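Welcome to a short set of worked exercises on one protein chain. Please have your viewer open, try each task yourself, and then compare your steps with the solution.

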Amino acid sequence: MNTQLAGTGALLRLALRRDRVMAPVWILVVAMLVLSLPGSLESVYGTAAERERLLATMTANGSLRALYGPVFGDSIGALTAWRGGVFAGLLAGVMSLVIVVRHTREEEESGRQELLSATMVGHRAPLTAALLAALTANAAAALLVTAGLAGRGATGALALGLGIGATGMLFAALAAIAAQLTESARLAKGLTGAFIGAAFVLRAAGDAGAPDGGSALTWISPLGWLEHVRAFAAERWWVLALFAAASAAQLAAAYALAARRDVGMSFLPARPGPARGRLGSAGALAWRLQRGALLGWSLGFLVAGVVFGGMTDGATQLVGDNARTREIIERMGGQSGQAGQAGQAGQSVLADAFLATMAGMLAMVAALYIVSAVLRLSAEESGQRAEPLLANAVGRLRWAGGHLAVAFGGSALILLLAGLGLGIGHGEDIGGAVAATLGQLPAVWVIGALAALLHGAAPRFAVAAWAVAGAALALGWVGPALNLPQAVLDLSPFAHLPKLPGGQDPSWAPFVALTALAAALLAAALTALRRRDLAA
């Protein structure tokens, strides 16, 4: 046996055990994003004429192609690949980067990898085990997608499943390189996430300008490759070879880099700490640690708001007189029954419902930001950086309060920028768009407060906060399309807030109730943090 790989099996079993909650949630979200679509698409575009009209509209609508990509076929399977393929590949990439970085750079950052490496563990074993864990998760997601869509065509289902899994593994290999280059898990995730975002932007720019997806920008992006697998539409199997070649090259680079560094070291060392006098409080330190991530999220939300706002008129054109699509958008936008009005008034109401839907979706994604910002407390604690700080004249409440202020204030900032972007992109009523996004803030705060409570009361299970945010995102994303009962949708705090703009005059009661709930959860979290020992 190669001594460089000694202990890989044991490390893989440890990784799978640690991911026994997180990985299945991610796998189900990736798979259900795709598997929830055929039924709803069939009810919306049930006839050949409706599907032909959709293809014609998408060919002429660059803004919608930028979001979803071009349509290559008029079967329900092809529409499923068009509507969910890119987003499933993107989520598979995020899942993969989280898994790989968690079991490589995070282990080194916490000091656990050094202890493991002192035993019979080969130098390449940790990286190999992390990649195998990512491969297991991506294979499971691909298998679920393939099995779930097999009834629509086994060949197309296999092509889409393999494409999604291959996309995830390509970004897993990229995360493996980032884990070698950087000295912190936060920076490795941020670097890989930036590449995933760039891949989406390149694909969107290419598809916006080329109805057939043939733009050079589309072919630069791995997400563009996923489109060109063309599942359920004369599959291009050779495109999968691009994924294999790119992944193999990245893996070779990752292993070469890993062989040239010691455990805990990196090729991109961090800058020296700030000069004296720049950090006068625990809050200033929290801001210093989290400002880079907040800047990235802020820019991303501003751009996303502009893009979604600019899509509004195109989306209403795509809906046309399709009653089922109107019903879904109305339900997500909180204006049921109003968009059925005739003429310009009906289009205006539908546009408001679409903007409300986009505001809600952006808020659900903002829940991911607040969870990541709150769980920075867990990273500081498990990395043993909190204990030396708290040994000085810094109380636990001041230390935690600094990070929580950045997390909760940062979520308000990114939603404010998202609202500005929506208003600028749509070109109308910027104040109403800002009110729409900030109106979802209490629900975001509730999820952030739940993450804080998990950290304060049960730090070992703090990672479950990701499952809470993911469940809220899944309910809001696919729940209305699946026509889930309102009782199920009400499990998400977002379901209890009025949808703006354009709806009924909102009641203040839900805003006050959810804000009070978030405050109570935060108080409980801080109380629990004061009473427990720091994590070892």
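## Warm-up: a buried aromatic pair

Trp 225 and Phe 243 are both buried, where buried means under 20% relative accessible area, exposed means over 50%, and partly exposed lies in between (1.4 Å probe, protein chains only). The model is a predicted one, in which local features need pLDDT of at least 70 and side-chain atom pairs count only at pLDDT 80 or more, while totals for chains, interfaces and linings use all residues. Residues are numbered from 1 along each chain as its sequence is written, and side-chain values use heavy atoms, with hydrogens and water left out.

## Exercise 1: aromatic rings

Task: Find how many aromatic pairs there are, and describe the geometry of the Trp 219 and Trp 238 rings.

Solution, step by step:

1. Start with the rule: rings of Phe, Tyr and Trp (its six-membered ring) pair if their centres lie within 6.5 Å; planes under 30 degrees apart are stacked, those over 60 edge-to-face, and the rest tilted. The count by this rule is seven aromatic pairs.
2. For Trp 219 and Trp 238, the ring centres are 6.0 Å apart and the planes are at 10°, so this pair is stacked.
3. Now place the two residues, using helices that are DSSP runs (H or I, at least four residues), numbered from the N terminus. Trp 219 belongs to helix 12 (residues 216–220) and Trp 238 to the loop between helix 13 and helix 14, so the pair ties together parts 19 residues apart in sequence.
4. Trp 219 is partly exposed, because its relative accessibility is 27%.
5. Return to the warm-up pair: Trp 225 and Phe 243 are edge-to-face, with 5.5 Å centre to centre and 80° between the planes. Trp 225 sits in helix 13 and Phe 243 in helix 14, 18 residues apart, and the pair links distant parts of the chain.
6. Finally, look for a cluster: Trp 297, Phe 301 and Tyr 369 form one.

## Exercise 2: the nonpolar core

Task: Name the residues that touch the most other members of the largest nonpolar core, and list what Phe 243 is in contact with beyond its sequence neighbours.

Solution, step by step:

1. A nonpolar core is a set of buried Ala, Val, Leu, Ile, Met, Phe, Trp, Tyr and Cys residues joined through side-chain atoms within 4.5 Å.
2. The largest core has 139 residues, and those touching the most other members are Leu 160, Ile 164, Phe 243 and Phe 494.
3. Take contact as heavy atoms within 4.5 Å. With neighbours within four places in sequence left aside, Phe 243 is in contact with Gly 163, Ala 166, Thr 167, Leu 170, Pro 222, Trp 225, Leu 226 and Val 229.

## Exercise 3: salt bridges

Task: Work out which parts of the chain are tied together by the Arg 102 and Asp 19 pair, and then treat Lys 189 with Glu 106 and Glu 227 with Arg 203 in a similar way.

Solution, step by step:

1. A salt bridge needs a side-chain nitrogen of Lys or Arg within 4 Å of a carboxyl oxygen of Asp or Glu. This rule gives ten salt bridges.
2. Arg 102 and Asp 19 form one, at 2.5 Å from N to O. Arg 102 is in helix 6 (residues 76–102) and Asp 19 in the loop between helix 1 (8–18) and helix 2 (22–35), so the pair ties together parts that are 83 residues apart in sequence. Both Arg 102 and Asp 19 are buried.
3. Lys 189 and Glu 106 form a salt bridge with their closest N and O atoms 2.7 Å apart. It links helix 11 (residues 185–209), which holds Lys 189, to helix 7 (residues 105–110), which holds Glu 106. Lys 189 is partly exposed at 29% relative accessible area, and Glu 106 is partly exposed at 22%.
4. Glu 227 and Arg 203 meet at 3.1 Å, N to O. Glu 227 lies in helix 13 and Arg 203 in helix 11, so parts 24 residues apart in sequence are tied together. Glu 227 counts as buried at 9% relative accessibility, and Arg 203 does at 0%.

## Exercise 4: two positive phi angles

Task: Decide whether Phe 232 is buried or exposed, and do likewise for Ala 234.

Solution, step by step:

1. Phe 232 has a positive phi of about 65° although it is not a glycine. Phe 232 is buried, because its relative accessible area is 14%.
2. Ala 234 has a positive phi near 55°, and is also a residue other than glycine. Ala 234 lies in the loop between helix 13 and helix 14 and is exposed, with a relative accessible area of 65%.
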